[in-house]
Structures are given as C-alpha cells and as structure tokens.
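Welcome, and please open the model in your viewer. We will go from stop to stop, selecting one part at a time.

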Amino acid sequence: MYMFKYVLKRLGLMIMTFSIIFVMCFVLIKMLPIVVSAATGDAADIMYAQLEARGYIMNVVRDPVAGTYTFDNVPVMIQLGNYLTRIFTEGDFGIGTSMVQFANQPVWDVFVEKLPPTILINIYSSLIGVPIGLGLGIFAALKKNKWQDQLINVVVILMISLPSLVFGLLVQYFLCFKLQWFPITMKSGYDYFTWDMFRSMLPAVLSLCLGSIAAYTRYTRAELTEVLTSEFMLLARTKGLTRSQATVRHALRNSMVPIFPMILGEFIGVLSGSLIIEQMFSIPGVGGLYLSAINSLDYDFFMLLSGFYTLVGLSAGIIVDISYGFIDPRIRMGAK
Amino acid sequence: MERTIPNIPKEKFNFVQKNDLIHDKQLATKPRGYMADAFARFCKNKGAIVGAIIIIILVLAAIIAPMCTPYTVKYMDANYKSCFPRNELFVSLPFWDGCEPREDNKATFMKYYAMGLETGKNAVKNQEYSLENDMYSYRLDSVHSVGAEYVSLTFEKYEALQEYQNRTGIQVLYPVVAKSDRPQVIDGRKNDADYYFKTTTKGNKINIVYDENGDIIPVYDYYLATQTPNDGYNSLRIEGEDGFINENGQKCYYSYALPNSTGYEVRVNYYEYYVYQHTEVLKDGITTPSFLFGTTSEGQDVFTCLFSGARFSFVFGLVVAVVNFLIGAFYGSTAGYYGGKTDLIMERITDVLSAVPTMIVITLLKRHIDAGPATDMLVLFIAFFATGWIGMASTTRMQFYRYKNQEYVLAARTLGAKDRRLIFKHIFPNALGTIVTSCALVIPSMIYTETNLTYLNIIDLTAMNMTTVGTLIANGQENLTTAAFIALFPAIFLALLMLSFNLFGNGLRDAFNPSLRGAE
C-alpha cells in the first residue's frame with residue numbers, strides 16, 4: 001500500500017512538472033512573432049485564414065465595401081485550451097508550416113514516421129552495450145586490482161572522458177571513410193530490418209554504445225566489488241559453495257539490484273537519442289527533426305518535440321526511482 | 001539525598017603503577033587542517049596531478065597562443081582553404097609537412113609539377129614522385145599548389161609591386177599567357193593561371209601538349225623588343241631576365257601585364273603575392289602562409305581559431321561555474337538549512353527547472369532576446385545561468401542536511417549564534433570541499449555542452465567574429481572526406497580537456513571525500 005501511494009505521488013509530481021513546463025513553453029511560443037507562409041502577393045484572406053486556422057484570431061469578417069478585415073484576438077490561455085482540446089479529442093497536434101518538406105503535413109504523423117530510426121538505433125546500442133558493459137564490469141570486479149582490472153579501468157576512464165562528438169568523428173573517419181566498412185551516413189528509406197540498413201546504422205550505434213558500455217562497466221564493477229566483500233559472501237563460502245557458485249548465485253544477484261534500474265533508466269533516456277550522433281550520421285530521426293524545427297521556427301513541431309523530450313527525461317528519472325523502490329524497499333528516492 | 005564531596009588533598013593521590021614506564025609518547029606531529037590534508041591526499045593521486053598539469057598547459061596555451069600568431073579569427077584567405085597542417089620541424093618527414101598525399105593521372109600531376117618548374121616553389125614536394133600504372137603518387141604542398149593567379153591591379157599598385165620586386169629581388173610577377181592560349185573550360189575555372197604551357201581543351205578536359213622530349217611547352221605572351229609593350233613599361237623585368245631570341249633571330253620580351261578595363265591583369269605567383277600583400281600592403285604581421293594546424297574550409301587558421309575558441313570555452317566555463325556556485329550555494333543552503341516547507345517549495349521549483357531540456361531554454365531565449373550579433377552569446381550565458389546551478393544547489397542542500405543537526409551546530413546555536421552565522425561560519429565551510437569538487441566537475445560538462453551546441457550550430461558565434469571548438473569540429477566533419485584534419489586538433493584538444501578534467505575532478509573528489517573513493 002505504501003508503494004502504491006509512493007508511485008502515485010511520484011506520478012502526480014511528474015505530471016505537475018510536465019504541465020508547468022508545457023504551459024510555459026506554449027505561452028512563450030505564442031508570444032513570438034507569427035510565421036505566416038502566405039507570399040506577399042497572395043490575397044489577404046489566405047493570411048487571415050491561416051491565422052485563424054492556427055488559432056491566433058477568430059471571427060474574421062471582411063468588409064465587402066472597404067475591403068478591410070476585422071477580427072478578434074484569441075487570448076493565449078484560450079488558445080492553449082483549444083490546443084489541448086484538439087489534442088485530446090482528435091489527436092491533432094497541428095500542422096507543419098515553415099519546414100518546406102513537411103509543410104501542411106500533420107505534425108504527429110511526421111513525428112511517428114521519424115520515430116523508428118531513433119528507437120532502433122538506441123535499442124541496438126543497448127543490446128550491444130548492456131552485455132558488454134556488464135561482462136567487463138563483472139570481469140573487472142572478479143580480477144580486482146590485477147592487471148586486467150587496471151587495464152579495464154584505464155579504458156573506462158578514456159571512454160567516459162572521450163566526448164561522443166570526438167568518438168563519432170573517429171568512427172566515421174576510420175571505419176566509414178578509411179576502411180569503408182560502413183557507409184558514411186545512414187541509408188535512407190523505410191526498410192528498417194534489412195541487412196543494408198543495419199549496416200548503415202552500425203557506426204551510429206557504435207558511437208552511442210561506447211559511452212554507455214563504459215558507464216555500465218564502471219557501475220557494475222563498483223557494485224560487485226562492494227557485494228563481494230560483504231559478510232554474506234563469506235558465509236556462502238564457509239557454507240561450502242565454490243567461488244563461482246557464490247559469485248553467480250549470491251553476489252551477482254545482489255549487485256543487480258541497483259544496476260537493473262540504471263539500465264532501465266538509461267534505456268528510456270536514450271529514447272530521446274543523441275542529437276549529436278543523429279546529426280553526425282544524418283539519421284532521419286527525431287533529433288534531426290527537432291533541430292530543423294528549431295532552426296526554421298516551426299512552432300507546432302517544436303511544441304510537440306519539446307513535450308516529447310521533456311516527457312522522456314521525466315519518465316526516465318521516475319522509472320529509475322520507482323523501480324529502485326520496488327526492488328530495494330530500503331531506497332525510496334524523494335520519499336521522506 | 002545530597003552528598004557533598006570534600007576537597008581531597010593532593011597528597012592523597014598516588015599513581016597506581018608508579019614503577020611502570022609510560023610507553024605512550026606525546027603526540028609530536030603538527031596538527032594538519034582539512035585543506036592541507038585534502039591537498040596531501042590529492043598529491044598522492046598521480047592521475048589527478050597529470051590531469052591538473054594538462055589543464056594548466058591547455059589554459060596557458062589558450063591564453064598565450066592567440067597572442068603569438070599574427071592570424072586572427074577574422075582572417076580568411078580565399079585561396080588557402082583546407083590547407084594541410086604544416087610544422088616547420090616536420091618538413092623533411094612525410095607527415096605534418098603541409099602536404100597532401102595524392103595519386104593522380106598525368107594531366108593533373110603535370111599541372112602541379114610544372115608549377116615547381118616555373119617558379120621553384122614546389123607544389124609537388126621536393127619534385128619527388130613515383131610512377132605506377134600511369135598514376136603518379138606524390139605529396140602535394142597545400143600552400144604552393146595554389147600556384148599562379150591572375151590579379152587585376154591599378155597602375156599605381158602595379159608600380160609598387162615592381163618596386164618591391166626590384167628592391168628585394170623576389171619575383172612575384174610572371175609572364176602572362178595570352179587569352180587565346182589559355183585553356184577554355186566551359187564551366188569551372190576559366191583563365192586558370194596555372195596553365196602557362198600549351199594545352200588543348202576537349203569539353204571540360206584539359207590535355208597538355210608535350211614536345212618531343214616529353215616536356216611542357218611554355219606559351220608566354222611576348223612582344224618584339226622593337227614594339228611598344230602592352231603595359232607601356234619597359235623596365236618590367238627582374239635583373240637578369242632579358243627576354244629571349246625567337247626563331248627568326250629577333251629579340252623578344254615577355255609581357256607581364258595585359259591591359260583590362262580597370263588597369264592591368266598580371267599573373268602572380270600567389271605565394272609571393274601573398275607575402276607581398278601582407279608584409280608591404282596590409283602590414284598585419286603575417287610573413288609567410290604557414291598553418292601549424294591547417295586552415296578551415298573557409299580559409300581560417302585552425303591554430304588561431306582553436307585557441308581563441310578554447311579561450312572562450314575556459315572563460316565561459318569559469319564564469320558559469322562561479323555564477324552557478326554563488327546562486328547554487330545560496331539557494332541550496334537556504335533550502336537545506338531551513339528545511340520543512342521552505343525546502344519543499346524550493347525543491348519543487350528546482351524539480352521543474354531541472355526537467356526543462358536545455359534545448360528548449362536556448363531556442364526560446366534565442367527567439368525572445370534580440371541583441372544583434374551578441375544574441376547567441378547572451379543566450380548561451382543566460383541559459384546556463386538559468387539551469388546550471390541546480391546541481392550545485394542540491395549538493396549544497398545535501399551537505400546542509402548532513403551537518404545542520406550535528407552537535408557542534410547545536411552548541412553554537414545554544415551560545416546564541418544567529419542563522420546567518422551558523423550557515424556561513426559553521427556549516428558552509430564544512431560543506432565547501434564537496435561543493436568545490438562539484439564545481440570543478442561542472443566546468444568540463446559546461447564546456448562539453450557548449451561545444452555540442454556550437455557543433456549543432458544552435459549557438460553560432462561567428463557573427464561576433466568568434467569561433468569555438470564545436471564549430472571547428474563541425475567544419476572538419478562536413479569535409480570529412482577531403483579535409484578531416486580540420487577537426488583533428490580540435491578533437492584532440494576536446495578529448496584531452498575532458499580527460500584531464502575528469503582525472504582532476506575525480507582526484508579532487510577523492511581528496512575531499514576519501515569515503516567516496518571509487519563509487520559513482
């Protein structure tokens with residue numbers, strides 16, 4: 001029961017935080033100058049129609065004699081209400097305006113179309129990163145303070161320090177350009193599960209997973225060494241278990257307690273992808289869409305994607321905290 | 001029941017074990033403070049020391065290097081784009097010598113080879129090459145391969161240039177080629193000044209005509225010594241250059257200038273012309289084009305750009321860290337010290353602020369602030385001031401929770417210390433170590449984020465005649481297949497910086513909190 005209340009409280013807080021950010025974002029965007037895609041030569045009614053469709057103004061009336069228009073400005077809070085109503089009743093997040101390739105397309109559809117590459121790359125990178133990271137971490141912990149451990153330590157420090165920017169560049173230059181193992185940028189098209197596509201995704205996946213491999217290794221090693229030195233391990237050995245039995249059955253399971261939530265959090269977190277890696281390898285994903293929405297000031301796209309990124313960040317945090325709470329009741333992050 | 005203890009006279013006391021020696025020695029070591037202790041621990045950590053030294057070197061380089069080079073960030077030369085890095089110490093070695101390893105067909109190769117034949121400025125390094133399957137392998141000097149250029153000069157400038165030639169004995173002007181003899185390529189560079197020899201053109205392809213010995217045939221424009229020269233100027237030749245005798249036995253002079261609408265069109269060796277321009281005309285301290293780290297695809301000197309970018313990064317990191325430290329320490333100590341409702345409200349505020357992605361803050365700020373060319377810079381600082389202090393605040397808050405209920409604070413409070421005194425005199429100094437450590441760990445992450453933002457071109461400082469490491473790396477990445485070296489040194493710099501800051505920060509953390517060692 002306590003857990004249920006805890007989860008509810010965290011969820012409530014998250015929704016509150018999200019709403020505040022969302023509303024602030026919306027208001028600030030609506031205060032910006034309005035982008036209208038009508039050309040100067042177009043009839044004025046096109047412009048007014050666009051403004052009306054985007055919810056800025058209403059009750060546009062054209063005076064047939066003077067040719068002038070009268071309209072009412074819609075207050076920002078009512079615009080927000082309209083926006084939310086449309087989202088919840090019709091699933092309509094608005095339409096693209098200033099990005100030429102997505103002009104007049106429903107924002108949500110474009111977003112859904114861009115999602116698979118980002119998600120796939122992150123799933124691949126987790127699939128590669130988690131086993132290697134855990135394996136290296138376990139190995140290092142078992143060989144604690146021997147040369148293997150020192151070597152892994154040095155490599156981990158290098159990996160953690162090397163910015164993904166530099167690492168992506170190295171991968172792209174040596175593996176893609178010099179050795180020509182992979183294409184320099186990701187293949188376009190929608191055939192996500194073909195070998196060619198996988199191959200063209202690999203450099204990005206590699207660049208992404210190296211940082212997380214280092215993080216997993218470091219964390220696993222720290223956790224496992226702590227567990228290995230605890231009293232119950234001594235008990236397990238005195239009970240007659242061999243070292244490997246004791247390690248696998250007792251130490252590993254116990255060290256997984258904090259590691260598992262971390263993996264979960266990292267997985268949700270990487271859903272938002274890395275803007276750097278997406279940009280570098282021209283991945284047609286959410287990151288690229290976000291960047292071009294920012295650069296060309298497409299408000300509806302910006303609004304949706306900002307909401308998406310905020311939500312992903314928030315849920316990564318909350319899922320880690322809640323799963324900690326489930327797995328190890330001693331830890332209740334944020335609870336008094 | 002009250003019992004009074006009368007004073008016991010001194011002589012009634014006696015030692016229990018008078019005959020035993022006391023083995024305990026009096027403590028003779030000097031007492032050591034927290035900071036000295038931390039410093040000693042820090043010095044034991046070799047990695048941290050190395051990190052600190054590298055950071056100091058990089059900071060010094062960022063301060064000094066931009067002063068040592070005549071180039072500025074604004075400097076751009078349209079002809080020296082994507083030049084390879086050249087270190088004078090490595091000139092005799094096959095790397096870092098300002099040369100690009102190339103493999104070309106004969107026509108392309110001969111164009112470069114002929115440059116060295118004409119001017120002695122070898123575009124093909126040392127005029128050395130190896131021939132295999134009709135392909136020439138050689139090292140192409142980025143600076144000299146620009147070769148000759150046609151330049152339009154007014155008469156005064158032309159005379160000044162001649163005066164310079166006569167004074168220094170350096171040949172800048174070379175005989176021009178008549179327009180009809182130049183290769184006529186439909187698109188691409190017409191009037192390519194590098195072809196001073198006979199060519200035929202077929203479509204877009206230039207074929208070189210060789211004589212019976214396989215040599216190129218120069219087709220300089222010339223005039224008979226008896227004619228008036230095109231430029232109306234006779235003493236054009238450098239001493240010793242005295243024309244030639246043509247097949248009819250007539251004395252001829254080469255023409256060095258063709259009149260055009262604005263003055264004269266002359267053919268210059270661009271290297272020497274560049275030297276002349278910078279030493280005689282602009283007098284900006286640049287002597288020869290030599291680029292230690294190469295040039296960008298816009299023709300900027302990477303060395304200058306890198307270190308002035310690094311300078312900006314350091315200043316940025318430091319300013320943001322200091323401001324965040326002040327805000328965070330104040331906010332965190334208030335929240336931590338008072339606790340309860342104050343803490344709850346303040347925590348909710350940081351919760352919301354920390355959940356806002358930086359990208360949103362920056363984009364919205366960029367659209368709402370208009371400060372001309374300084375907009376991006378301002379936005380960058382404000383965005384980091386707005387959310388950067390949250391980590392610092394929560395560290396401070398945690399430390400306050402740790403210390404505020406300790407006995408010594410209670411003692412101080414009992415003695416009548418006010419809140420302010422308790423916070424700043426009693427609790428804060430104890431928490432300082434941890435806070436300083438997180439401050440040191442925050443600087444590289446600030447620099448890293450700044451690099452990422454400039455790499456993604458969301459923040460663009462070029463409007464302020466500034467550049468950053470991220471911009472340089474982006475430039476190298478855009479030209480990955482042709483000029484990846486542009487990103488080489490910036491990437492090394494960034495990697496070194498991050499590595500050394502990590503080592504340094506971890507060392508600092510271990511020194512201040514030995515109990516946290518290895519955990520993270």
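Two strands count as paired if DSSP finds at least two bridges between them. Keep that in mind for our opening stop in chain A, and remember throughout that this model is predicted.

**Stop 1: a hairpin in chain A**

Select residues 57-62 of chain A, which are strand β1, and residues 69-73, which are strand β2. The two run antiparallel, and 4 bridges join them. To find your way along the pair, show A:I57 and look across to β2(A), where A:N73 stands opposite. Now follow the chain from one strand to the other: this hairpin has 6 residues between its strands. One residue to label here is A:G67, which takes a positive phi near 75°.

**Stop 2: the two domains of chain A**

Next, colour chain A by domain, with 23-108 as domain 1 and 109-327 as domain 2. Taken over C-alpha atoms, the centres of these two domains of chain A are separated by 41 Å. Where they touch, domain 1 of chain A supplies 20 residues and domain 2 of chain A supplies 18. Together the two domains of chain A bury about 1,800 Å², with 67% of that area on carbon and sulfur atoms. Which residues of domain 1 of chain A lose the most area to domain 2 of chain A? Select A:M99, A:V107 and A:W108: these three account for 35% of what the domain 1 side buries.

**Stop 3: where the chains meet**

Bring chain B into view beside chain A. The contact between the chains takes 42 residues from chain A and 36 from chain B. About 3,400 Å² is buried between chain B and chain A, 76% of it on carbon and sulfur atoms. On the chain B side, show B:R367, B:L456 and B:L480, the residues that lose the most area to chain A. Together they make up 16% of what that side buries.

**Stop 4: the domains of chain B**

Stay with chain B and colour its domains. Domain 1 of chain B is made of two stretches, 47-64 and 301-516, while domain 2 of chain B covers 86-145. The C-alpha centres of these domains of chain B are 47 Å apart.

**Stop 5: a sheet with a helix across it**

Select strands β1 (99-104) and β2 (124-132) of chain B, the edge strands of an open sheet, each of which pairs on one side only. The sheet has 3 strands, in the order β1-β3-β2, with antiparallel pairing. From one strand to the next, the twist averages 20°. Add β3 of chain B, residues 135-141, and you can trace the 5 bridges that join this strand to β2(B). As a landmark, B:S130 stands opposite B:S137 in β3(B). If you turn on side chains, here is a rule to look for: in a regular strand they alternate between the two faces of the sheet. Then show helix α3 of chain B, residues 106-119, which lies across β1, β2 and β3 of chain B. Helix α3(B) runs at about 150° to β2(B).

**Stop 6: two crossing helices**

Move on to helices α4 (residues 155-168) and α5 (residues 270-282) of chain B, whose axes lie 12 Å apart. At what angle do α4(B) and α5(B) pack? The angle is about 100°, which makes α4(B) roughly perpendicular to α5(B). Show B:K157, B:A160, B:L161, B:Y164 and B:R167 from α4(B), which meet B:Y273, B:V275, B:Y276 and B:E280 from α5(B). By class, this contact of α4(B) with α5(B) has 6 nonpolar residues, 3 charged ones and no polar ones.

**Stop 7: another sheet in chain B**

For the last stop, select β8 (residues 222-224) and β10 (residues 251-254) of chain B, which run antiparallel and share 3 bridges. Here B:Y222 has B:Y254 as its bridge partner. Add β9 of chain B, residues 244-245, which pairs with β10(B) in the antiparallel sense over 2 bridges. In this pair, B:I245 partners B:K251. β9(B) and β10(B) form a hairpin with 5 residues between them, and B:G249 in the turn has a positive phi of about 80°. The 3 strands form an open sheet in the order β8-β10-β9, with β8 and β9 of chain B as its edges.

Note on methods
Residues numbered from 1 in each chain as written. Chains lettered and ligands numbered in written order. Predicted model: local features only at pLDDT ≥ 70, side-chain atom pairs only at ≥ 80, totals over all residues. Heavy atoms only, no water. Domains from an automatic or database assignment. Axes fitted to C-alpha atoms, helices over the stretch in contact; angles between N-to-C directions. Parallel < 35°, antiparallel > 145°, perpendicular 65-115°, else oblique. Contact = heavy atoms within 4.5 Å. Nonpolar A, V, L, I, M, F, W, Y, C, P; charged D, E, K, R; others polar. Buried area = accessible area lost by both parts, 1.4 Å probe.
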